[in-house]
Amino acid sequence: MTTMTSNALCFGDEFPASGAPCFVQVDGDGLTITVESEGDDGAGEAVPFSALTVSAGGLDHDHLVVKWTRVQGERTLYLKSPDVIRAFRETVPNHLSLPFAQAAEQVQQVRHRRRLVWSLVSGAILAMVLGLWFGSDLFVELAVSWIPVEWEQKLGESAYRDFLSHQEVMKEGPAVTALGEMTHRLTEQIPNNPYRFEVTVVKSDVVNAFALPGGYVVVFTGLMKKAESGEEVAGVLSHELNHVLQRHGLERIVKSLGLLTVAAIVLGNQQGLVGMMNQLGVELLTLKFGREQETEADLTGLQLLQRAKIDPSGMIRFFERLSEKDQGRMEWLSTHPMSTARAERLKAELAALPKKSPEPFTFEWKQVQTSLGSQPVAAP
Amino acid sequence: MKSEILYPGAFPMVRVDLAAGEHIKAESGAMVACSPTIDIESKMEGGFLGALSRKFLTGEKFFFQTLRASRGPGEVLLAPTVPGEIVILELDGVNEYMVQKDGFLAGADGILIESKMQSLSRGLLGGEGFFILKISGKGMLALNSFGAIHKIELKPDQEYIVDNSHLVAWSSTTSYSIEKATSGWVASFTSGEGFVCRFRGPGLVYIQSRNPGSFGAWIRQFIPVSE
């Protein structure tokens with residue numbers, strides 16, 4: 001028996017704590033254990049199955065632990081070799097097969113649980129990565145939802161004042177009064193409106209209007225000159241107000257700058273604030289909304305017009321007319337690309353809304369346009 | 001192959017005598033001096049993927065160095081990076097040890113080193129990270145510690161509690177569970193122990209008398225902060 005190599009560790013009072021390497025053999029009615037250090041006599045210790053108890057043990061419950069009691073004390077065998085365990089399992093008598101099965105099940109359970117935990121953890125990590133990748137819009141919306149309106153107003157106001165300081169603002173006149181009436185009629189219809197809307201008319205031939213976060217809206221006289229009726233301007237205004245109400249500007253900022261930056265700007269030190277604000281002013285004015293945001297503003301804008309009893313078809317007409325002809329500096333179109341699909345969708349939406357008889361404005365649109373010093377656009 | 005620990009205590013070295021043709025593997029950077037007959041090779045133990053996983057998962061070095069007495073017998077002096085004792089174990093082919101990632105210094109050629117993933121709770125709270133080294137095989141194994149190495153011998157079912165960051169190596173016949181140091185959560189942390197490992201025998205547990213993490217935190221307060 002000189003060729004045998006140890007395949008198990010035997011623990012007992014007379015052995016070192018690290019265990020004595022030993023050779024385990026399975027035969028018909030028990031185990032023969034030959035401990036290396038005392039194995040020179042070649043006999044080994046034969047232990048009948050009836051004297052054994054088995055369980056699972058070791059660091060990962062991957063050892064088969066066999067115990068038996070001798071006159072000198074208890075001995076414990078740690079088996080890991082698959083061959084021995086298989087041989088043991090095949091010849092094991094009835095009284096041991098139940099604990100054996102239990103031990104095997106325990107090993108399975110430990111492995112299964114570990115696999116489960118790890119797959120849960122990696123699943124969670126994967127879900128987080130995918131969520132950040134594909135669901136960033138959702139995160140942005142979530143982040144935006146807990147930014148207070150005051151922050152938004154701070155952000156918008158700074159860019160607004162900065163912009164107006166370089167522009168010729170129209171303080172009074174029929175155009176300002178007319179726009180004031182439109183704004184009033186529209187904002188009246190907004191339930192729980194957290195914003196104090198400020199609409200300014202700026203003298204410029206640019207056909208444009210835009211809204212900043214916090215309720216700051218700028219309408220250029222160029223757009224008012226191009227409009228054929230007050231309802232058309234009201235349509236654009238309603239669209240812009242809804243960008244503010246849906247917090248589209250904030251969503252874009254959070255998306256491009258990150259929430260932390262926004263917090264830093266609003267809460268940060270004053271020096272840094274000014275620089276950041278100037279930087280942000282540029283960002284805000286060049287802000288482009290996404291297609292989905294435009295659609296949303298279109299639809300909610302249409303509904304708002306309807307509630308305010310302003311003829312919503314003016315909005316669609318204005319959009320369509322602008323898209324048909326290339327009429328000089330159509331800035332509004334560059335940020336609000338017009339498509340037949342968009343107009344069609346608006347028309348369909350309008351058809352679905354309950355018919356309301358529109359109430360006309362108190363001002364005469366032709367007079368407003370004359371006051372702007374333009375030739376009223378000839379009706380087609 | 002014969003090995004001997006020189007200057008036992010805080011700053012020991014291991015001298016390994018190699019017969020012609022014999023070789024050992026050691027942690028990269030462990031060689032201090034050697035005879036001119038020794039060739040130093042670097043080797044990715046366990047192949048490229050094995051080395052890669054060891055590097056990224058356990059933080060152990062990507063390469064082990066192999067010191068080979070290719071031109072006749074010679075001796076090699078090896079030392080770890082940190083001050084602390086070295087212990088030499090003789091593996092018999094049946095014994096297996098789990099070694100925390102900084103514990104391996106050198107091993108005979110017959111020694112097998114694998115990285116092994118721990119269970120989630122042990123990885124998070126055990127203080128050795130998610131991956132440890134599983135060392136098996138036959139021959140000499142040198143482990144190093146931070147501080148002195150203390151051997152705990154556990155009889156079957158005997159239990160012992162060890163602070164998680166003091167572990168160096170433990171036999172695979174032991175098992176352990178992570179638990180709070182005291183019965184309450186707050187006291188667990190205010191006692192300064194946090195989590196502890198409850199080991200259950202049979203087998204050996206090697207622990208180090210100093211905790212590298214705490215030492216790092218202690219020394220950090222003396223490092224001047226640059227403006």
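In the predicted model, one enclosed space is lined by residues from both chains: Phe11(A), Gly12(A), Phe15(A), Pro16(A) and Ala17(A) together with Leu154(B), Lys155(B), Pro156(B) and Pro202(B). These residues surround the second largest cavity, which holds about 40 Å³ of space. Its lining is made up of seven nonpolar residues, one polar residue and one charged residue.

The count of cavities of 30 Å³ or more comes to three. The largest cavity has a volume of about 60 Å³. Twelve residues line this largest cavity, and those closest to its centre are Leu212(A), Pro213(A), His243(A), Val244(A) and Gly249(A). Two or more lining residues come from each of strand 10 (209-212), helix 7 (230-245) and helix 8 (248-257) of chain A. Of the contributing elements, helix 8 of chain A gives the most, with three residues. By residue class, the lining of the largest cavity divides into seven nonpolar, three polar and two charged residues.

In chain B, strand 8 spans residues 86-92 and is mostly covered, with five of its seven residues buried. Strand 8 of chain B runs antiparallel to strand 12 of chain B (residues 131-144), and seven bridges join the two strands. Within this pairing, Glu90(B) of chain B has Met140(B), in strand 12, as its bridge partner.

Technical notes: Residues are numbered from 1 along each chain as its sequence is written. Chains are lettered from A and ligands numbered from 1 in the order in which they are written. This is a predicted model: local features need pLDDT of at least 70, side-chain atom pairs count only at pLDDT 80 or more; totals for chains, interfaces and linings use all residues. Side-chain values use heavy atoms; hydrogens and water are left out. Buried means under 20% relative accessible area, exposed over 50%, partly exposed in between (1.4 Å probe, protein chains only). Helices (H or I, at least four residues) and strands (E, at least two) are DSSP runs, numbered from the N terminus. Two strands pair if DSSP finds at least two bridges between them. On a 1 Å grid over the protein atoms alone, a cavity is a set of points where a 1.4 Å probe fits but cannot get out, and a pocket is an open set with protein on both sides within 12 Å along at least five of seven lines; lining residues have an atom within 4 Å of a point. Grid points are joined across faces, edges and corners, and a volume is the space filled by probe spheres set on the points. Ala, Val, Leu, Ile, Met, Phe, Trp, Tyr, Cys and Pro count as nonpolar, Asp, Glu, Lys and Arg as charged, and the others, Gly among them, as polar.
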